[in-house]
Amino acid sequence: MQNAKHADDLQYPAFPSGSDGFVRVRGARENNLRNVNVDVPRDSIVAFTGVSGSGKSSLAFGTIYAEAQRRYFESVAPYARRLIQQGHNPKVELISGLPPAVALQQRRGAPSSRSTVGTVTTLSNSLRMLFSRAGTYPAGSSQLDSDAFSPNTAAGACRDCHGLGAAHTVTESSLVPDPSLSIRDGAIAAWPGAWQGKNLRDILTHLGYDVDVPWRKLPKKHRDWILFTEEHPVVEIIPQRDRVAKPYKGRFWSARSYVLHTLADSQSASMRERVLAYMESGPCPRCVGTGLTPAALGVTFAGRTIADLNRLPMVELAEILRPTAELNDAAVASRTQLSGESNEVAVAITRDLLHRVRVLLDLGLGYLALGRATPTLSPGEMQRLRIATQLRSGLFGVIYVLDEPSAGLHPADAEPLLEVLEQLKSSGNSVFVVEHNMDVVRRADWLVDVGPRAGEGGGEVLYSGPVEGLAGIEASVTRPFLFNNGGRATGAGTGPVRVPKEWLELNGIRRHNLRGLDARFPLGVLTAVTGVSGSGKSTLVGKVLGEVVGAGLQNTVAEPEEAADPLALGSVAGNHRIDRLVTVDQKPIGRTPRSNLATYTGLFDAVRKVFAATEQAKVRGFAAGRFSFNVAGGRCETCQGEGFVAVELLFLPGSYGPCPECGGSRYNPETLEVEYRGRTIAEVLAMTVDAAAGFLGDVPAAARSLKSLQDVGLGYLRLGQPATELSGGEAQRIKLATELQRAQRGHTLYLLDEPTTGLHPADVKLLMTQLHGLVDAGNSVVVVEHEMAVVAGADWVIDLGPSGGEKGGRIMATGTPAAVAASRTSRTAPYLSAALRGDHQRIPRQISI
């Protein structure tokens with residue numbers, strides 16, 4: 001490979017004096033690594049770069065961190081090892097000079113509604129202890145354990161709402177929307193229709209209730225019993241609708257009982273959705289939305305309940321804690337005191353809390369409250385919360401291995417993060433970051449570039465040394481983006497800048513931190529919505545715009561979300577110009593190894609049909625279902641089609657290996673006797689997308705899917721690669737590729753939430769080419785984005801701010817990229833201006849607004 005420095009030939013330049021220690025890796029063969037040898041300095045910030053799938057994570061996490069973890073577990077007692085989730089033993093010959101390591105990896109999946117800022121950061125634990133041991137109790141009450149102040153425990157959860165803070169109830173008005181109707185005419189709308197509804201009416205008639213008078217004229221006592229009784233009387237009914245009357249025993253269900261029973265027990269999503277419309281949701285009246293018991297709410301600190309403190313922004317919480325934390329003459333703690341706010345326990349806990357809250361304030365998260373539910377947080381906010389939790393532990397002499405710490409962060413938010421990384425290094429630690437953000441890479445002391453391509457085309461260390469040295473490595477895909485402004489054209493379209501002619505207008509938007517916002521989205525162009533983390537971008541695009549447009553369309557491609565804050569909207573104009581809505585996010589494409597790239601895209605259906613059409617399959621009577629590893633018949637029953645078996649080794653790491661029966665193929669021997677062009681179904685699943693594109697090029701359905709996957713830069717993935725092994729960025733591109741293989745008819749609105757997260761700039765160029773192609777086909781694309789090269793290449797920009805949380809939710813600038821870059825009020829403007837100029841110089845952190 002021209003000008004590539006292979007691992008065995010690398011000459012490592014002398015590192016500045018005082019940092020002569022190296023972590024030396026020899027013979028790394030994890031995943032696609034090709035017997036890699038590399039030396040990286042300790043006490044430095046080291047950036048691992050390369051295209052997605054090149055092997056950089058396999059080197060940083062799968063090899064270096066995994067070996068550090070393995071060595072740590074060797075020092076732990078065998079019994080204790082059973083209680084700790086252990087990683088795998090890396091495939092490497094030797095690693096020397098390796099200190100203990102701490103990893104911060106990206107987390108996949110959606111958090112639950114019970115997860116909050118306080119639980120993620122563990123600050124809630126300390127706050128509960130503060131109220132338990134140092135709160136002010138009502139006279140005559142006993143001291144509560146800390147669990148009593150948590151809505152997620154049996155001791156602290158409100159008895160009515162079970163700690164959720166929200167009550168879902170039915171009322172007469174929700175069950176009977178039109179009281180002028182009689183029961184026979186359908187007054188009780190929540191009841192089922194057809195025979196079941198007539199059965200309930202017949203039972204009421206037998207019980208003596210009048211089903212023919214308007215509902216409002218029934219006595220209240222009768223109305224309440226019909227709607228809310230818990231009784232289930234059984235009566236004999238003689239139907240009058242058939243020629244032959246057949247008596248039967250009918251059981252009565254009140255309207256409320258029917259709704260609750262359907263929600264709890266029905267397997268039909270449509271039935272549950274139907275009855276949910278007859279329920280009213282709101283704060284629980286017993287706990288006033290706090291989720292806590294009256295006993296917990298009776299305890300105060302600084303005159304406030306724990307629910308009050310959970311609602312405060314952390315910047316205000318810090319001011320409430322500070323007076324106690326600064327006490328110098330604290331009293332001795334005693335359980336007999338009604339108030340412990342000035343004792344030594346209160347001082348110790350508040351000092352610890354204040355120290356940990358300051359970490360979050362330094363990362364620009366002071367506007368968040370501890371009680372803020374994590375499903376309402378942006379990806380950038382979640383990323384910084386995890387960083388704050390892990391990185392300020394006061395450790396010395398360790399390696400922090402970070403997985404794209406700048407992912408989901410606006411450039412203005414990345415600045416304080418870089419300061420934290422510098423502080424970690426100055427405190428005597430090593431910082432290894434797997435990173436695609438070139439601004440972060442430029443700030444590193446040392447760079448390890450892995451490549452040159454992805455999958456089988458990668459796995460080599462092309463360069464290891466100071467950042468500026470990569471300029472001489474022509475084989476590096478990273479080099480042009482780091483030095484030669486290769487990223488300037490990242491968002492470039494295929495033609496001239498498009499001028500908006502039609503608009504979708506939303507007025508009076510109210511949800512989360514959007515308060516009376518008016519927003520105009522141009523149609524037929526590529527629009528980038530940007531702004532600092534937490535400014536309201538994802539709410540505006542993913543929740544408001546997606547919900548409003550999707551509500552009027554039947555052909556919507558989007559995943560249902562948990563119930564959110566209700567949307568209030570003034571007016572909508574222009575949505576009739578959209579025929580279809582597609583929402584593409586980073587949620588996993590499957591939660592088990594059985595889901596993979598081939599099954600999600602529909603490619604596997606075409607492959608199975610090809611095998612079923614062979615003469616060998618026809619002779620044996622094998623249909624397409626025989627070649628599925630998810631059903632009995634063709635799969636290996638020992639591993640049930642998973643291809644591997646897990647062996648629990650108690651205090652040693654669990655062993656995951658190929659199934660001894662099928663050797664990891666997933667299929668039984670009879671199925672593997674069938675071949676297509678000399679390959680078995682298992683061998684086809686083991687192919688990469690690039691390899692399969694040639695092998696299945698004359699199978700139209702398969703070829704379309706494979707071409708779409710290649711177009712978004714996923715040619716390195718294996719067809720049968722489990723969904724659990726895919727990153728969020730890979731999952732999002734698979735979803736996009738699935739849409740790209742459809743025939744483009746125009747008038748579709750595509751919504752994407754940070755599509756470039758986790759992508760190398762070279763992969764971003766491939767992705768953006770496809771998005772511009774969608775627009776050229778007559779569609780509209782709206783992306784929530786932090787990558788300034790992408791924003792610079794968009795046709796239109798909507799910038800939110802000025803800050804996050806309650807200080808956000810406003811449109812600061814809108815227009816072409818050049819117009820937004822010239823704004824004096826936008827925090828995005830200086831970074832966007834630099835991207836338009838191709839200027840990679842560091843932008844000052846402090847920006848006046």
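Strand 2, residues 36-41, is mostly covered in this predicted model: six of its six residues are buried. The protein has 849 residues, of which 52% count as buried. It contains 30 helices and 25 strands. Among contacts between residues at least 6 apart in sequence, 69% join residues at least 24 apart.

**Strand 2 and its partner**

- In a regular strand the side chains alternate between the two faces of the sheet.
- In strand 2, one side carries Val36, Val38 and Val40, and the other side carries Asn37, Asp39 and Pro41.
- Both faces of strand 2 are covered, since the residues on each side are all buried.
- Strand 1 (residues 22-28) runs antiparallel to strand 2, and five bridges join the two strands.
- Val23 has Val40 of strand 2 as its bridge partner.
- Asn35 sits in the loop between strand 1 and strand 2.
- The phi angle of Asn35 is near 50 degrees, which is a positive value in a residue other than glycine.
- Asn35 has a relative accessible area of 38%, so it is partly exposed.

**The sheet of strands 15, 14 and 18**

- Three strands make up an open sheet in the order 15-14-18, with antiparallel pairing.
- Strand 15 (514-523) and strand 18 (571-573) are the edge strands, and each of them pairs on one side only.
- From one strand to the next, the twist averages 15 degrees.
- Three bridges hold the antiparallel pairing of strand 14 (residues 502-511) with strand 18.
- Within that pairing, Leu506 stands opposite Val572 of strand 18.
- Helix 18 (residues 537-551) packs on the sheet and touches strand 14, strand 15 and strand 18.
- The direction of helix 18 makes about 110 degrees with that of strand 14.

**Helix 4 with helix 13**

- Helix 4 (residues 123-134) packs with helix 13 (residues 344-362) at an angle of about 160 degrees, and their axes are 10 Å apart.
- An angle over 145 degrees counts as roughly antiparallel, and helix 4 and helix 13 are therefore roughly antiparallel to each other.
- Their crossing is left-handed.
- On the helix 4 side, the contact is made by Leu123, Ser126, Leu127, Met129, Leu130, Arg133 and Ala134.
- These meet residues of helix 13, namely Val345, Ala346, Ile349, Thr350, Asp352, Leu353, Arg356, Val357 and Leu360.
- By class, the residues of this contact are eleven nonpolar, two polar and three charged.

**Helix 8 with helix 9**

- Helix 8 (residues 255-265) and helix 9 (residues 269-276) pack at an angle of about 140 degrees, with 9 Å between their axes.
- The crossing of helix 8 and helix 9 is left-handed.
- Tyr258, Val259, Thr262 and Leu263 are the helix 8 residues in the contact, and they meet Met271, Arg272, Arg274, Val275 and Leu276 in helix 9.
- The contact of helix 8 with helix 9 consists of six nonpolar residues, one polar residue and two charged residues.

**Two arginines that count as buried**

- Arg384 is part of helix 14 (residues 379-391).
- The relative accessibility of Arg384 is 1%, and residues under 20% count as buried, so Arg384 is buried.
- Apart from its neighbours within four places in sequence, Arg384 is in contact with Leu363, Gly364, Leu365, Tyr367, Leu409, Asp413 and Ser533.
- Arg666 lies in the loop between strand 21 (655-658) and helix 22 (669-672).
- Arg666 counts as buried because its relative accessibility is 10%.
- The phi angle of Arg666 is near 80 degrees, a positive value in a residue other than glycine.

**Backbone details**

- Most residues other than glycine have a negative phi, and most peptide bonds are trans.
- Positive phi values are found at Asn35 and at Arg666.
- Gly451 and Pro452 are joined by a cis peptide bond, with omega about 5 degrees.
- Pro452 is in the loop between strand 12 (446-451) and strand 13 (460-465).
- Gly801 and Pro802 are also joined by a cis peptide bond, with omega about 0 degrees.
- Pro802 is in the loop between strand 24 (796-801) and strand 25 (810-815).

Note on methods
Residues numbered from 1 in each chain as written. Predicted model: local features only at pLDDT ≥ 70, side-chain atom pairs only at ≥ 80, totals over all residues. Heavy atoms only, no water. Buried < 20%, exposed > 50% of the residue type's maximum accessible area, 1.4 Å probe, protein only. Helix = DSSP H or I, 4+ residues; strand = E, 2+ residues; numbered from the N terminus. Pairing = 2+ DSSP bridges. Axes fitted to C-alpha atoms, helices over the stretch in contact; angles between N-to-C directions. Parallel < 35°, antiparallel > 145°, perpendicular 65-115°, else oblique. Left-handed = near helix turned anticlockwise from the far one by under 90°. Contact = heavy atoms within 4.5 Å. Nonpolar A, V, L, I, M, F, W, Y, C, P; charged D, E, K, R; others polar.
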